[in-house]
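Here are some friendly notes to read alongside the model. They are meant for someone opening it for the first time.

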Amino acid sequence: MTANQRLYSLGVVILAAGRSSRMGQPKLLLPWGATSILGHLIGQWALLCAKQIAIVCSPDDAGVNAELNRLNFPQSSRVINPNPERGMFSSIQCASGWQGWEPDLTHWAIVLGDQPHLRLETLRAIINFSTGHPDKVCQPRKDEHRYHPVVLPRKVFEQLRSSSAANLKEFLTSCETAYCEMNDAGLELDIDRPEDYQKALEMWTRSSEPKA
C-alpha cells in the first residue's frame with residue numbers, strides 16, 4: 001500500500017433527488033438484482049470501502065425515503081435538497097455544504113443514480129486512479145468523452161457549495177483534471193427511458209456472468 005492509499009478516505013454522494021420524468025416512474029426504485037437500483041448503488045460503494053455514503057434526496061419524495069427506510073439507511077446520512085427543481089447541480093451543492101461529513105475524508109465521488117450497470121472493476125479503477133492523482137479531479141474518459149462518476153479532492157469539493165457555475169460541467173472547466181482512460185461501454189449509457197433500463201439490465205447481467 002502506498003502512502004497516498006493509506007491517507008485516502010472516500011466519501012460518496014449518491015444523487016437521488018431527480019424526478020425521473022422521462023422514465024415515467026422513479027428510476028432509483030426499479031428492481032436491480034435482489035434489491036432496487038438505489039440499494040444496489042449503496043451496496044456497491046460499500047463494497048468499494050467508501051468511508052461514508054450520503055444520499056441527496058427531495059424532502060417530499062416519499063418513495064425514495066421509504067426505500068431508504070427499507071434498506072435501513074440512516075436518516076443522519078440523508079442530505080435534503082429543498083429545491084430539487086433547480087437540477088442536479090443544486091443537489092451537488094447541497095452535498096458540498098452539508099455539515100454531516102466525517103472530518104477525515106479526503107475525496108468525494110459524485111455518483112449518478114442511473115448507472116447501476118457500471119462494473120465494480122470500473123469503479124475500483126477510478127478510485128485507484130484518484131489515489132495516484134490525489135490533488136486533481138479525476139474523471140473517467142472513453143473515446144475522448146468524459147463520464148461519471150467524478151472524484152473530487154477536498155479543496156475542490158468544498159468550493160462547490162459557493163460556486164456560481166450553471167452546472168457541474170461548467171464548474172469542472174476551471175479545475176485541474178486527470179482523465180482515467182476506460183473501455184467500459186456502460187459509461188456511455190444513462191438510464192433515462194424504459195428501453196435504457198432494459199439495456200442496462202442486459203449489460204449488467206452479461207458482466208456478472210461467471211467467465212468460462
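**Notes for a first look**

1. Thr131 counts as buried, because its relative accessibility is 9% and the cut-off for buried is under 20%. Please keep in mind that this is a predicted model. You will find Thr131 in helix α5, which spans residues 120-132. Its side chain comes within 2.6 Å of the backbone oxygen of Asn128.

2. Next, have a look at Trp45, which belongs to helix α2. Is Trp45 buried or exposed? With a relative accessible area of 2%, Trp45 is buried. Leaving aside residues up to four places away in sequence, Trp45 touches Leu10, Val12, Ala50, Ile53, Ala109, Val111, Leu123, Ile127 and Pro149. Gly18 makes a handy distance check: Trp45 and Gly18 are 27 residues apart along the chain, and 20 Å separates their C-alpha atoms.

3. Helix α3 covers residues 62-70, and its buried residues are Val64, Asn65, Glu67 and Leu68. These four lie on the same side of α3, because the arc they cover around the axis is only 160°. A general point helps here: an α-helix has 3.6 residues a turn, so residues three or four places apart point the same way. Which elements help to cover the buried residues of α3? Among them are β3 (35-36), α2 (37-47), β4 (52-57) and β5 (78-80).

4. Both ends of α3 deserve a glance. At the N-terminal end, Asp61 acts as a cap, with a side-chain oxygen 3.2 Å from the backbone nitrogen of Gly63. Just after α3 comes Asn72, whose phi is positive, at about 60°.

5. Now turn to the largest pocket, which holds about 1,200 Å³ of space. Its lining is made up of 43 residues, and Leu15, Lys27, Met88, Leu112 and Asp114 are the ones nearest its centre. Three elements give two or more residues to this lining: α4 (88-97), α7 (168-172) and β10 (177-181). Of these, α4 provides the largest share, with four residues.

6. What is the make-up of that lining by class? The largest pocket is lined by 17 nonpolar, 15 polar and 11 charged residues. If you colour the lining by class, Met88, Lys27 and Asp114 are good places to begin, as they are among the residues nearest the centre of the pocket.

Terms used: Residues numbered from 1 in each chain as written. Predicted model: local features only at pLDDT ≥ 70, side-chain atom pairs only at ≥ 80, totals over all residues. Heavy atoms only, no water. 1 Å grid on protein atoms, 1.4 Å probe; cavity = no way out; pocket = protein on both sides within 12 Å on 5 of 7 lines; lining within 4 Å. Points joined across faces, edges and corners; volume = space filled by probe spheres on them. Nonpolar A, V, L, I, M, F, W, Y, C, P; charged D, E, K, R; others polar. Buried < 20%, exposed > 50% of the residue type's maximum accessible area, 1.4 Å probe, protein only. Polar contact = N/O pair within 3.5 Å; in protein donor to acceptor, adjacent residues only side chain to side chain. Arc of directions from axis to C-beta. Contact = heavy atoms within 4.5 Å.
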